[in-house]
Amino acid sequence: MPEAVRYLILSDIHANLEALEAVLDAAPDGTWDHAVVLGDLVGYGASPNPVIDLVRALNPIAIIRGNHDKAACGIEDGSNFNHVARVAALWTGESLTGENREFLRSLPAGPVTIDEHVEFCHGSPFDEDHYIFDTDDARRALDAGERPLCLFGHTHLPVVFRRIGDTYDGFLPEGSVDTLLSIEPEVRYMVNPGSVGQPRDGDPRAAFAIYDSRGPEVVLRRVHYPVDAAQRRIISAGLPASLANRLAVGR
Ligand code: ZN
């Protein structure tokens, strides 16, 4: 019998300290055993160093780099970003402490595996920067995955895709309530917990997940955070106002 482990799954925090703190209040120490971070710790938000410091203090068992992490620390130049994302990446790069820049540079590309059941990636198991939006994208990812369950991020949209035999499907978590997903044998899953710091599904609440190996099960959760405080920080940093505005509507 393998050891039962509960994982706190955080993705796309995007330098939103207020959202990360609200998630950690809702899922305090002792309610999970290991943290896992699916990339994009920074970019868009105005608290890159405090977010990286807080993430490092969680001592995650796995952290994967995201495309914004790569742009902020200079692994990539951000030339494939839209204007606002590029402005934010430049601002982030100039704001990072030397130590935090080196930390981002040291992060591995996904997928990362920690046991025979689950793997973690930013975009997809076959390409760290690939977006999985629909069942066609998910089909390739489900076939490429090395484990029955793959947790991914990058789109900022909470979603579950499954391969049951030769059939592929997908569904969105229920709006206002936590979604409990039981992991069934013989089924493959791609699960996106959604974004902690910049949700894009029309729900401004921070999104995260708990993966419990005992079920096994995944719980997709949402939590309110002080959006106005995160917005004020973005505006005072001189970052584009659109990055503050979108937090209020979760788009
Ligand atoms: Zn992201």
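Four donors count as tetrahedral if all angles lie between 85 and 135 degrees, and as square planar if opposite donors are over 155 degrees apart and all others between 65 and 115; anything else is irregular. The structure shown is a predicted model.

**View 1. Coordination of the zinc ion by D12, H14, D40 and H156.** The donor atoms are OD of D12 and D40 and NE2 of H14 and H156, at 2.1 to 2.4 Å from the metal. The 4 donor atoms subtend angles of 89 to 176° around the zinc ion, so the arrangement is irregular. Along the chain the donor residues follow the spacing D-x1-H-x25-D-x115-H. H14 sits in the loop between β1 (6-10) and α1, and D40 in the loop between β2 (34-37) and α2 (48-57), 26 residues apart; the pair thus links distant parts of the chain. Both of these residues, H14 and D40, are buried.

**View 2. Surroundings of H156.** H156 lies in the loop between β6 (149-151) and β7 (159-164). Its relative accessible area is 1%, so H156 is buried. The side chain of H156 makes a polar contact of 3.0 Å with that of D12 and one of 3.1 Å with that of H14. Leaving out residues up to four places away in sequence, H156 also touches others, including Y44, N192, Q198, R200 and D201.

**View 3. The largest nonpolar core, with L104.** This core has 47 residues, of which L10, L41 and L104 touch the most other members. Helix α1 (residues 17-26) gives the most to the core, with 6 residues. Beyond four places in sequence, L104 touches V42, I52, D69, A72, C73 and L96.

Methods: Residues numbered from 1 in each chain as written. Predicted model: local features only at pLDDT ≥ 70, side-chain atom pairs only at ≥ 80, totals over all residues. Heavy atoms only, no water. Core = buried A, V, L, I, M, F, W, Y, C linked by side-chain atoms within 4.5 Å. Buried < 20%, exposed > 50% of the residue type's maximum accessible area, 1.4 Å probe, protein only. Helix = DSSP H or I, 4+ residues; strand = E, 2+ residues; numbered from the N terminus. Contact = heavy atoms within 4.5 Å. Donors = N, O, S within 2.8 Å, 3.2 Å for Na, K, Ca; no water. Tetrahedral: all angles 85-135°; square planar, octahedral: opposite > 155°, others 65-115°. Polar contact = N/O pair within 3.5 Å; in protein donor to acceptor, adjacent residues only side chain to side chain.
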